[in-house]
Amino acid sequence: MSLLQVTDLSMHYQGRQSLVQRLSGNPQSVVRAVEGVSLHVEKGEVLGLIGESGCGKSTLGRAILRLHEPTAGKVLFDNSDVTALSPPALKAMRRRMQIIFQDPYASLNPRRTVAEIVGLPLALHGIAMGDKAREITAQVLERVGLRSSQLDRYPHQFSGGQRQRIGIARALVSNPEFIVCDEPVSALDVSIQAQIIALLLELKRELGLTYLFISHDISVIGYLSDRVAVMYLGEIVETGPVAAVLDNPRHPYTQSLLSAVPEIGAKRAKGRVRLQGDLPSPLNPPKGCKFHTRCPLAIPMCQTIVPVVQTLGEGHQAACHRLDEGLSLLDGAR
Amino acid sequence: MTLLLEVTNLCTEFNTRAGLVRAVDGVSLRVSRGECLGVVGESGSGKSVTFASVMGLVRSPGRITHGMIFFDGRELRDMSPDEMRATRGRDIAMTMQDALTALNPALTVGEQLSEVLIAHDETLPAGRAARRVAIRDKCVEMLGLVGIPSPQSRLAQYPHEFSGGMRQRIMIAIALACRPKLLIADEPTTALDVTIQAQVLELISDIRARLGMAVVLITHDLGVVAEHCDRVMVMYAGQVVEEGPTEQVITQPRHPYTRGLLASIPRPAMRGQPLTPINGQVPDLVGLPPQCRFQSRCPMARPECLVEVPMFDAGPDRRARCLRLEDMP
């Protein structure tokens, strides 16, 4: 049984409407940020969630933790339905599910000391108070590579990489099993990014953690994930073991995403696909397959019929009408 | 190839409350006509300030303390403000990282493009009506060149009506309006998604080939450099630490920082193998002692590294700032 099982999760936001719009009876606009997403994360694995900005990957991460209340769908964590928990039960559950945020500057309260920031979950969950809490906080701080002498400093006294370590310490202090890592290294310079990635992998190994790792960086995802899910406009278009998805991408979006990444060193073995145009607005997503407006392989049926998810191999799935034809954009461009 | 831009021993300092910061410390570089130079470095390495200095865009409390900047045979630092203004935008143009803040939100895209043409384009006809038509035609042509669909109708739109990738294209169109000899692109794709990044970079390469213009591509992404630049210059804490032909620098780096940077990039092919990050962090630029700036993080550092290190020749057309150059595996 998976540690986390998400079924048909949707997250819609109601658009704002002016009085005139309301009186004139226009239907309210709805942003479908996440639409019918199903995924599972096994204990001890890293599921990499990849997609471009605005595809709904962060919203999905937050909806799973119920930081946003999902519109529809079910989230099972260790066999209990997170979406149905009462507020006190949800609070207790949050001790086991934590999140690390993208922006190490915006996600730490500038008026609190590190001891207060990292120690807050201990107080909230009634784990420890006073000196005991300070002792645990100091240990966690040392564990993430900071010094316990820095406990009484404020976030502005730290660099970006150190702040991200504080964010990691805060997520770790309640001893969780599952952490949503929401672009934790995107705001960092390359050399610092590598330090944080190494730290996250080390912690996972030592503490037996499970991650949902959200990123737009394919290199990062490819390096640290066991399985990968690719998101486009609120839907998962392809998912599977990292090797299968990266070496043998089947969905045209995954193929073009991979081929857009600049490579270092080795000459590109496969051709390059250029996607035309921009991501369509999630306010008014295309009908049928959401990717058809940019897809070089689109055929008339893609404009009207939503493709179903097909299984292609061991845990490898994709949703595209033309999978059976074995077409690859990468071949065509070679 | 003839030399277009030559910077020698450029120093730019900022007088801050914390003390004097030498953001650019003795940078020398050359760009030939039609060449693409990649400038790589992490935040605070001085890469943007170097080229803001070249453009004469450094403002108080910053100032260029010494160095020479020759562009197309002329010393830019000797130019009067009027001459500099005439050169900037016409012969050298720069695009900024964040297109949304660089573009004026209160002017239409057409107005912003016209500004450049009115300021610099001497080929415009004299008559008022003819002039207006000519400017409009050129604006449409430039938007078309950077791949904006239906340019006629989009000229009347404001920056906020465009997507991030489109705004970056508009900024490139403005920069290219007078067909400059040199385009300085400061992190042109950092704020963009990878599929859009690929479109914009391809556009720059394509226009470069068509107009025969030289490009300086400032970026923190070695992958971008590897695919688009002839030569690369790596900066660290205000200094150039290594330069040379891109492929050689990437396959055989001669400075420990370049090596560390390359080893820090996670790659799917390295799954399961440990990453080797560079330990520590960039030193504070205030009151730096005259010694190798990387030694505190360098796995190869030795006591003798605590001296000021000059650039050494490291093979044909290659230089690196390291005393242990010869010991590099």
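Begin with the whole of chain A, which contains 11 helices and 12 strands. Its radius of gyration is 21 Å, close to the 20 Å that the globule rule gives for 334 residues, so chain A is as compact as a globular protein of that length. The model on display is predicted.

With the C-alpha trace shown, turn chain A along its principal axes: the trace spans about 65 × 60 × 40 Å. Next, display the surface of chain A. The accessible area comes to about 14700 Å², and carbon and sulfur atoms account for 52% of it. Buried residues make up 53% of the 334 residues. If the contacts between residues at least 6 apart in sequence are considered, 65% of them join residues at least 24 apart. Colouring by charge brings up 36 positive and 31 negative charges in chain A, whose mean positions lie 5 Å apart.

Now select residues 235–241 of chain A, which form strand S10. How many of its 7 residues are buried? The count is 5, and the strand is thus described as mostly covered.

Add residues 227–232, strand S9 of chain A, to the selection. S9(A) and S10(A) run antiparallel and are joined by 6 bridges. One pair to pick out is A:Met231, whose bridge partner in S10(A) is A:Ile236. The two strands form a hairpin with 2 residues between them. In this turn, select A:Leu233, which has a positive phi of about 45°.

Finally, select residues 316–319 of chain A, strand S12. This strand runs antiparallel to S10(A), and 2 bridges join them. Here A:Glu238 stands opposite A:Ala318 in S12(A).

Conventions. Residues numbered from 1 in each chain as written. Chains lettered and ligands numbered in written order. Predicted model: local features only at pLDDT ≥ 70, side-chain atom pairs only at ≥ 80, totals over all residues. Heavy atoms only, no water. Helix = DSSP H or I, 4+ residues; strand = E, 2+ residues; numbered from the N terminus. Rg over C-alpha atoms; globule rule 2.2 N^0.38 Å. Buried < 20%, exposed > 50% of the residue type's maximum accessible area, 1.4 Å probe, protein only. Contact = heavy atoms within 4.5 Å. Areas by Shrake-Rupley, 256 points an atom, 1.4 Å probe, with all protein chains shown as cover. Lys, Arg positive; Asp, Glu negative; His and termini not counted. Charge placed at Lys NZ, Arg CZ, Asp CG, Glu CD. Pairing = 2+ DSSP bridges.
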